[in-house]
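Grab a pencil and work through these exercises with the model open. Each task comes with a worked solution.

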Amino acid sequence: MAITININGKNETVDAAAGTPLLWVLRDHLKMTGTKFGCGVAQCGACTVHLDGEPTRSCSIPHDALDGAKVTTIEGKEGKAAQAIRDAWVDLNVPQCGYCQSGQIMSAVALLESNPTPTDQDIYDAMSGNLCRCATYMTIRRAIKQASTRL
């Protein structure tokens, strides 16, 4: 079943089986591998994309439910908050293994787009669904705080 999804501002026609998760459409059909597979049950956040501006786990949403929606992936995320987060990630050398980082960045950008001056609790709440096996949580929080000063 072919449907058209707006991904990173571009309409993409995808012919995938009904119910195929957005994650696999991005990775397998469109070869956009920045979004990662983690747990497959929307618990770890590695697959986070923005769906109409909101952080969403792409592993658990069927692509055929996205008619008319706008999907933004790590490859297409732009703007002042995205740049500030990317700069802070580099400045503080946040990633260790790096596997969860695209999901972490997508959640952090969504936070700063909605709240440019988050408190520690705001950061904790916004990032609580993103897991990191390397436990870089404190560095991630420092990076978000640093990025917020650049907005």
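**Exercise 1. Work out how helix 2 and helix 3 are oriented and what lies between them.**

Start with the verdict: helix 2 and helix 3 are oblique to each other (under 35 degrees is roughly parallel, over 145 roughly antiparallel, 65 to 115 roughly perpendicular, and the rest oblique). Before the details, some housekeeping: this is a predicted model, where local features need pLDDT of at least 70, side-chain atom pairs count only at pLDDT 80 or more, and totals for chains, interfaces and linings use all residues. Residues are numbered from 1 along each chain as its sequence is written, and side-chain values use heavy atoms, with hydrogens and water left out.

Step 1: get the geometry. Helix 2 (residues 80-91) packs on helix 3 (residues 101-114) at about 130°, and their axes are 9 Å apart. Angles run from 0 to 180 degrees between N-to-C directions, with axes fitted to C-alpha atoms over the stretch in contact. Helices are DSSP runs (H or I, at least four residues), and strands are too (E, at least two), numbered from the N terminus.

Step 2: list the contacts (heavy atoms within 4.5 Å). From helix 2 come Ala81, Ala82, Ile85 and Trp89; they meet Gln101, Gln104, Ile105, Ala108, Val109, Leu112 and Glu113 of helix 3.

Step 3: sort them. This contact of helix 2 with helix 3 has 8 nonpolar residues, 2 polar and 1 charged.

**Exercise 2. Is Ala81 buried or exposed, and what does Ala81 touch?**

Step 1: check accessibility. Ala81 has 7% relative accessibility, so Ala81 is buried (buried is under 20% relative accessible area, exposed over 50%, partly exposed in between, with a 1.4 Å probe and protein chains only).

Step 2: find the partners. Skipping neighbours within four places in sequence, Ala81 contacts Val109, Leu112, Glu113 and Leu151.

**Exercise 3. How many disulfides turn up in the whole structure?**

Step 1: search. The count is 0, taking a disulfide as two cysteine sulfur atoms within 2.5 Å.

Step 2: look at Cys39. Its nearest cysteine sulfur belongs to Cys44, 3.8 Å away, and Cys39 is in no disulfide. Cys39 is partly exposed, at 31% relative accessibility.

Step 3: try Cys47. The closest cysteine sulfur, in Cys59, sits 3.7 Å from that of Cys47, which is too far for a bond. Cys47 is buried, at 3% relative accessible area.

**Exercise 4. Which residues of helix 1 are buried, and what covers them?**

Step 1: in helix 1 (residues 22-29), the buried ones are Leu22, Leu23, Val25 and Leu26.

Step 2: their cover includes strand 1 (2-7), strand 2 (10-15), strand 3 (48-51) and strand 5 (70-72).

Key
Nonpolar A, V, L, I, M, F, W, Y, C, P; charged D, E, K, R; others polar.
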